[in-house]
Each structure stands twice: as C-alpha cells, then as structure tokens.
Amino acid sequence: MEDTPIFTNDAIVFGLLMLALGFVFITSSKKEGFWKKFYAIVPALLMCYLIPAIFNSLGLIDDSTSQLYFVASRYLLPASLVLMTLSIDLKAIFNLGPKALIMFFTGTVGIIVGGPLAILIVSAISPETVGGVGPDAIWRGLSTIAGSWIGGGANQAAMLEIYEYNPELYGGMVLVDIVVANLLMAGLLMGIGKSEKIDTWLKADNSAITELKNKVSTYAESVTRNPSLADYMVMLALAFVAVGIAHWGADEISVYLSSNFEIFQDSKSALSSFSSTFFWMITIATAIGIGLSFTKLKTYEGAGASKIGSIFIYILVATIGMKMDLGMVFDNPGLIGIGLIWMSIHVIFLFTTAKLIKAPYFFLAVGSQANVGGAASAPVVAAAFHPSLATVGVLLAVFGYVVGTYGAILTTILMQIAAGS
C-alpha cells in the first residue's frame, strides 16, 4: 500500500499548485538580486514543474489521489490550444520547413535503436536485470515503454495486449516510463533557458522561427487593446465551447470507429490508437483554433487570448509535475538504469542530427517531446518558446499516434533479439 498524501482534497491541492505558480511568477519577475541570477540559470517553467514534484516527493500531494491532471489535460489543454492558435499564421508554420519532421523522426529512430542497445549494455553489467522468461520477460515489459515513448497511452496499452507482459509486473514498467520521461522533460525545460547558447553550438538557422514569432508579436501589438469584461467572457466562451465541441466530436468519432470497424476495436491493432478520444479531442480543438484564425475573432489576440491560454498551460505543467516523485528514481535502479540509457541514446541521436542539419533547439526539444510526451506535453514545450508555436507540438504529436504502434513493434523485435529470446 502506498502512503496516503497529507492533502487529498483537490481544492487544497489546487491551492498549493497555484501557490507554487504564484511564487514562481513573483520571484521570476524580480529585476535584480538573487532571483534574477537564479532564473538566469533555471527557467521559470521548470520551477513550475519541479515545485509540485517536490510537494509529491514530500508526501504533501499525490497525482494518484487527484483529478487535477485529468481536468487540466481534458479541459484546460484543449482550451489553451484554441486560444493560442487564434492568431496563428499557418503559412509561416509551413515555412518552418522539413527540419521539424526530421527531428521528430530522428527522435523515433533514437527510441527504436535505444531500446535494444540499452538491453545489450545492461546485460553486460547485470544480465539478471534484462532476463525473465515467458510473460515475465523484461523485453515484453519494455515493449509497453516503447509504445508510450513513440506514441502514447493508447499505443502503450496496445503493446501490453500484443506481447502479453505479466500484469503483476506492469507497474514497474509504468514507473520507468514516468520517472525517465519526466526527467527528460525537466532536462528539455532546463535547455530552453540556454536555447540561444545551444543554437550557437548547433550553428542553427533560427530565421524561420524568429520570423514566425515576430509576425505574431507584430500582429498582437497592432490589435492590442485594454480588454473589457466582455472580451474576457467572449474569449472564455470561444475556448470552452470549442472544448465542448472537441469532446463531443471525439466521443462520436471514437464510438463510430470502434463500432463499425473491427480493426479499431482490436487493442492489438496498430490502428487502435485512432479510437482514442484524447487524440481526437486534441485534433479537433486545434482544428477549431486554426479555423477561427481565419476570422475576425483573430483580433482577440490583442485582448490577451494567448496569455489566458498560457495560464492554462502553466496549470497543466504544475499538474504534470504532480506525477513525479523524485524518490522513485531509487526504487528500482536496474530498470531505471535501462530507461536512462535508452533515453540517453534518444538524446544523442537528436543532438547529433541537429548538429548535422543545423536544426534549432526548438525542433530538437519539440521533436523529442512529441515522441515521449505526446499531445499532452509537446504543446507545453513548444509554447515555452512562444505561444504561437504550440500548434507545432500538436502537429508533431499526431505523427506519434500514427507511427506509435508500428515503431514500438519494431523496437520490441529488436529488444527480443538483444535479450537473446
């Protein structure tokens, strides 16, 4: 039995998360002194993630007893995507070029290759860590991590069904998934604060990203006004009506596909992830935001639409941080070691490719998170660079759903060979 956290009432937990966010924003706004030096090293967004993780690690709160992440990911995330894509310049997004896709698929290849290489490396040091026979075979369990890191939760569930890993041992794989994926996200957020130096080292061409950010900023300045109560109510109406439509559409599409096509019903099918309501919810919300960007409603960017969207994103980041118990790193060092080696190979592939094609750190970070984090966190990382870039994270995460199960199956075949099974 896990220890019950001190606070299980979500009203209290949400208050603590908002206290953490308020603390970060107050201290990060200081123009001099210790906090200015501190945030020059540690990005504010990373602190919004780490403080809830510390609360979790100290036993104050626990994601397992809270519904806040569900609310943030199902309601606030799609609402933020609508508000942050309201002023999007779709042509400028496409002008970003092929490097975003190249980095995404590089991240995928890094995971496919990293799994078997991690098994080979660990087997030379501790063979029993990567052993097991039948349903207990470690490579079967690692297949679920491959599904999660290339696609998402639906792909992870598909791999569990396909390779029939022992359900009693599955919790250990979930632990590796959560710990290593969250450590990666923390590292990526840390890198955002050093993105200019990283881009200089990569000799990256940032011109297309800078042009997009400047276009959006220039447009926002041209329509900026002092928002009225009516403006706020209209923006919230746009966001949450879109959320309602996205949920309705996601439910209808998911039920239709599952009811009429056997291939979507079969949890072992590579296409089963397309019956995921979360996938369709994010896709529809983003499409609505893009559609609204072609109307006069786009001018609400001048009233602060993307700022409200950013508030929702920061709340989501705090709830993601709740999932991370820093103490779990030491609970199963063997499996965690496999995960860390695996993820390190993924990162090495990304940096090597970025250096070769002179891709900006933005493409590296978002390409990685579109694989490992999926639609819930790729927009978060993208929006950390600029709210107008959140859509890039969503679009890349969609590719993750498409290739998730196929990539995970290939990874598992290679891991099975590496494990000598």
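Reader: What makes Arg225 and Asp231 a salt bridge?

Author: The closest N and O atoms of Arg225 and Asp231 are 3.2 Å apart. A salt bridge needs a side-chain nitrogen of Lys or Arg within 4 Å of a carboxyl oxygen of Asp or Glu, so this pair makes the cut. Keep in mind that this is a predicted model: local features need pLDDT of at least 70, side-chain atom pairs count only at pLDDT 80 or more, and totals for chains, interfaces and linings use all residues. Residues are numbered from 1 along each chain as its sequence is written, and side-chain values use heavy atoms, leaving out hydrogens and water.

Reader: Is Asp231 buried or exposed, and how do you know?

Author: Asp231 has 10% relative accessibility. Buried means under 20% relative accessible area, exposed over 50%, and partly exposed in between (1.4 Å probe, protein chains only), so Asp231 is buried. Its partner Arg225, at 30%, is partly exposed.

Reader: How many salt bridges are there by this rule?

Author: The count comes to two. Asp63 and Lys323 also form one, with the closest N and O atoms 3.3 Å apart. That pair links distant parts of the chain, 260 residues apart: Asp63 is in the loop between helix 3 (44–57) and helix 4 (68–84), while Lys323 is in the loop between helix 15 (305–321) and helix 16. Asp63 is buried at 18%, and Lys323 is partly exposed at 26%.

Reader: Where does Lys323 lie relative to Tyr69, and what makes that count?

Author: Lys323 lies over the face of Tyr69, 4.1 Å from the ring centre. A charge sits over a ring if NZ of Lys or CZ of Arg is within 6 Å of the ring centre and within 35 degrees of the ring normal. Lys355 lies over the face of Trp201 too, at 4.4 Å from the ring centre.

Reader: How do you know that the length of helix 12 agrees with what is expected?

Author: Helix 12 (residues 229–260) has 32 residues, and its end C-alpha atoms are 46 Å apart. The expected span is 1.5 Å times one less than the number of residues, which gives 46 Å for helix 12, so the two agree. Asp231 turns up again here, as one of the buried residues of helix 12, along with others including Met235, Leu238 and Ala242.

Reader: Why is the pair of Phe362 and Phe363 called tilted?

Author: Their ring centres are 5.5 Å apart and their planes are at 55°. Rings of Phe, Tyr and Trp (its six-membered ring) pair if their centres lie within 6.5 Å; planes under 30 degrees apart count as stacked, over 60 as edge-to-face and the rest as tilted, so this pair is tilted. Both Phe362 and Phe363 are buried. The count by this rule is 15 aromatic pairs, and ring pairs link Phe23, Phe34, Trp35, Phe38 and Tyr39 into a cluster.

Reader: Which residues touch the most other members of the largest nonpolar core?

Author: Tyr49, Leu142, Trp149, Trp342 and Phe362 do, out of 128 residues in that core. Helix 9 (residues 170–192) gives the most, with 13 residues.

Reader: What makes Gly339 buried, and which residues is it in contact with?

Author: Gly339, in helix 16, has a relative accessible area of 1%, so it is buried. Leaving aside neighbours within four places in sequence, Gly339 is in contact (heavy atoms within 4.5 Å) with Trp149, Val176 and Val180.

How values were computed:
A nonpolar core is a set of buried Ala, Val, Leu, Ile, Met, Phe, Trp, Tyr and Cys residues joined through side-chain atoms within 4.5 Å. Helices (H or I, at least four residues) and strands (E, at least two) are DSSP runs, numbered from the N terminus.
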